[in-house]
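Open your viewer and keep the selection box handy. We will start with the whole chain and then stop at a handful of residues.

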Amino acid sequence: MSEGEVREVEIENLGDKGDGITKIDGGYVVIVPDTEVGERVTIRLDDVRENVGFAEVVKRQHDPTQEQ
């Protein structure tokens with residue numbers, strides 16, 4: 001994992017403060033603000049630490065089930 005790395009992920013859970021949480025590479029936890037459980041997003045890792053990373057959304061995947 002390195003800062004600036006881009007990944008496509010699915011948000012698996014929400015943290016105590018409402019931020020999305022996903023796991024990559026066999027369990028590395030990444031916190032992604034402004035996301036919801038089940039949402040598929042492309043993220044960029046901004047801060048990579050030993051046990052947790054922080055990322056921002058660079059692209060939201062289109063979900064046809066949300067169309068009206």
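The tour below goes from the overall fold to single side chains.

**Before you select anything**

You are looking at a predicted model, in which local features need pLDDT of at least 70, side-chain atom pairs count only at pLDDT 80 or more, and totals for chains, interfaces and linings use all residues. Residues are numbered from 1 along each chain as its sequence is written, and side-chain values use heavy atoms, with hydrogens and water left out.

**The whole chain**

Start with a cartoon view. The protein chain has six strands and zero helices; these elements are DSSP runs numbered from the N terminus, with helices being H or I of at least four residues and strands being E of at least two. Reading from the N terminus, the order is β-β-β-β-β-β. The radius of gyration is 12 Å, close to the 11 Å that the globule rule gives for 68 residues, so the chain is as compact as a globular protein of that length. For that comparison, the radius is taken over C-alpha atoms, and the rule is 2.2 Å times the number of residues to the power 0.38. Turn the C-alpha trace along its principal axes and you will find spans of about 40 × 25 × 20 Å.

Now switch on the surface. Its accessible area is about 4,700 Å², with 42% belonging to carbon and sulfur atoms; areas come from the Shrake-Rupley method with a 1.4 Å probe, and for residues only the protein chains shown count as cover. Of the 68 residues, 24% count as buried. Here buried means under 20% relative accessible area, exposed over 50%, and partly exposed in between (1.4 Å probe, protein chains only).

Colour by charge next. There are 8 positive and 17 negative side chains, and the centres of the two sets lie 2 Å apart. Lys and Arg count as positive and Asp and Glu as negative, while His and the chain ends are not counted; each charge is placed at NZ of Lys, CZ of Arg, CG of Asp or CD of Glu.

**Stop 1: serine 2**

Select serine 2, in the segment before strand 1. At 38% relative accessibility, serine 2 is partly exposed. Which residues does serine 2 contact, leaving aside its neighbours within four places in sequence? They are Leu45 and Val48, where contact means heavy atoms within 4.5 Å. Add aspartate 47 to the selection: serine 2 and aspartate 47 are 45 residues apart in sequence, yet their C-alpha atoms are 8.3 Å apart.

**Stop 2: glutamate 10 and threonine 22**

Move to glutamate 10 in strand 1 (residues 6-10), which is partly exposed at 38%. Show its side chain together with that of arginine 40, and you will see a polar contact of 3.4 Å between them. A polar contact is a pair of N or O atoms within 3.5 Å; within protein, one must be able to donate a hydrogen and the other to accept it, and residues adjacent in sequence count only if both atoms are side-chain atoms. Measure from glutamate 10 to aspartate 47 as well: the C-alpha atoms are 19 Å apart, with the two positions 37 residues apart in numbering.

Then pick threonine 22 in strand 3 (residues 20-24). Is threonine 22 buried or exposed? Threonine 22 is buried, at 1% relative accessible area. Its side chain reaches the backbone oxygen of glutamate 10 at 2.9 Å. Beyond four places in sequence, threonine 22 touches several residues, including Val9, Ile11, Tyr28 and Val30.

**Stop 3: two aspartates with positive phi**

Go to aspartate 25, in the loop between strand 3 and strand 4. Phi of this non-glycine residue is near 50 degrees, and aspartate 25 is exposed at 51%. Aspartate 34, in the loop between strand 4 and strand 5, also has a positive phi, about 60 degrees. Aspartate 34 is exposed at 63%, and its contacts outside four places in sequence are Asp19, Glu39 and Arg60.

**Stop 4: threonine 35**

Finish at threonine 35, in the loop between strand 4 (28-32) and strand 5 (40-48). Threonine 35 is buried, with a relative accessible area of 5%. Its side chain reaches the backbone nitrogen of glycine 20 at 3.5 Å. Among the contacts of threonine 35 more than four places away in sequence are Ile11, Leu14, Val41 and Val57.
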